[in-house]
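Reader: Could you take me through the largest cavity in this one? I'd like to know what lines the space and what sort of fold sits around it.

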Amino acid sequence: MAEQDVIELLVAQHGRIRDLFDEVEQAPPDKVADAFDRLTRMLSVHETAEEEIVHPYARRKLDNGHGVVADRLTEENRAKRLLLDLHKSGVDHPQFWDGLAALRTAVSAHARSEERYEFARLRARTSAVERRAMAAAVRAAEALAPVRPHPGTESATRNLVMGPPLVVMDRARELIRKALGKR
């Protein structure tokens with residue numbers, strides 16, 4: 001089997017994110033929090049990897065790359081803020097489902113924009129070898145990415161500086177909550 005290129009990887013992750021939204025929406029009440037945690041983790045890790053690997057490359061390789069990436073980062077920041085608000089209020093909040101619908105709309109529009117304006121153009125401007133190398137870099141970045149939304153870190157530099165401490169804090173928070181029997 002040939003190695004997956006970065007665009008195939010990210011588009012497949014967009015599909016997984018859609019599936020995770022479906023899981024949250026279809027989960028029985030006692031499973032919504034767990035499903036939402038899986039969605040949150042996937043969104044957080046996915047966006048961090050794009051910010052660290054894909055967007056910097058797009059800035060350099062694409063005509064008006066800075067503009068294309070600036071638009072994607074604005075969308076990502078909005079989605080992170082919506083996700084953070086949902087986490088702060090919790091799945092039992094009366095506005096959770098409306099907030100989740102708004103998040104899904106924002107994330108879906110963002111994914112379509114990435115695929116159309118960034119990924120398609122990257123495919124045309126990069127070699128298969130570059131795309132496979134970027135996929136490996138994305139996987140490595142995902143292994144070190146925070147698992148909760150952190151609006152304001154939508155750049156490779158900020159992710160690299162702030163990411164490792166945020167990962168430790170996020171994962172410690174998860175362990176503490178599990179130990180206390182909380183979500």
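Author: Here's a walk through the cavity, starting with the chain as a whole. Keep in mind that this is a predicted model. The protein chain has six helices and zero strands, so there's just α-α-α-α-α-α to follow along the sequence. Of its 183 residues, 46% count as buried. Contacts between residues 24 or more positions apart make up 78% of those with a separation of 6 or more.

Now for the empty space. Searching the whole structure turns up two cavities of 30 Å³ or more, and the largest has a volume of about 120 Å³. Eleven residues line that largest cavity, and the closest to its centre are Leu43, Glu47, Glu76, Ala79 and Lys80. As for where the lining comes from, α2 (32-61), α3 (65-89) and α4 (96-125) are the elements that each give two or more residues. The largest share, four residues, comes from α3. By type, the lining divides into six nonpolar, two polar and three charged residues.

How far can you trust the picture? Mean pLDDT for the protein chain is 84, with 79% of residues at 70 or more. Confidence is highest in helix α1 (residues 6-26), at a mean of 97, and lowest in helix α6 (residues 156-179), at 48. Over residues 171-177 pLDDT stays under 50, and there the model has ten contacts beyond four places in sequence.

Last, the outside: the chain's accessible surface comes to about 9,600 Å², and carbon and sulfur atoms account for 56% of that.

Terms used: Residues numbered from 1 in each chain as written. Predicted model: local features only at pLDDT ≥ 70, side-chain atom pairs only at ≥ 80, totals over all residues. Heavy atoms only, no water. pLDDT = per-residue confidence, 0-100. Contact = heavy atoms within 4.5 Å. 1 Å grid on protein atoms, 1.4 Å probe; cavity = no way out; pocket = protein on both sides within 12 Å on 5 of 7 lines; lining within 4 Å. Points joined across faces, edges and corners; volume = space filled by probe spheres on them. Nonpolar A, V, L, I, M, F, W, Y, C, P; charged D, E, K, R; others polar. Buried < 20%, exposed > 50% of the residue type's maximum accessible area, 1.4 Å probe, protein only. Areas by Shrake-Rupley, 256 points an atom, 1.4 Å probe, with all protein chains shown as cover.
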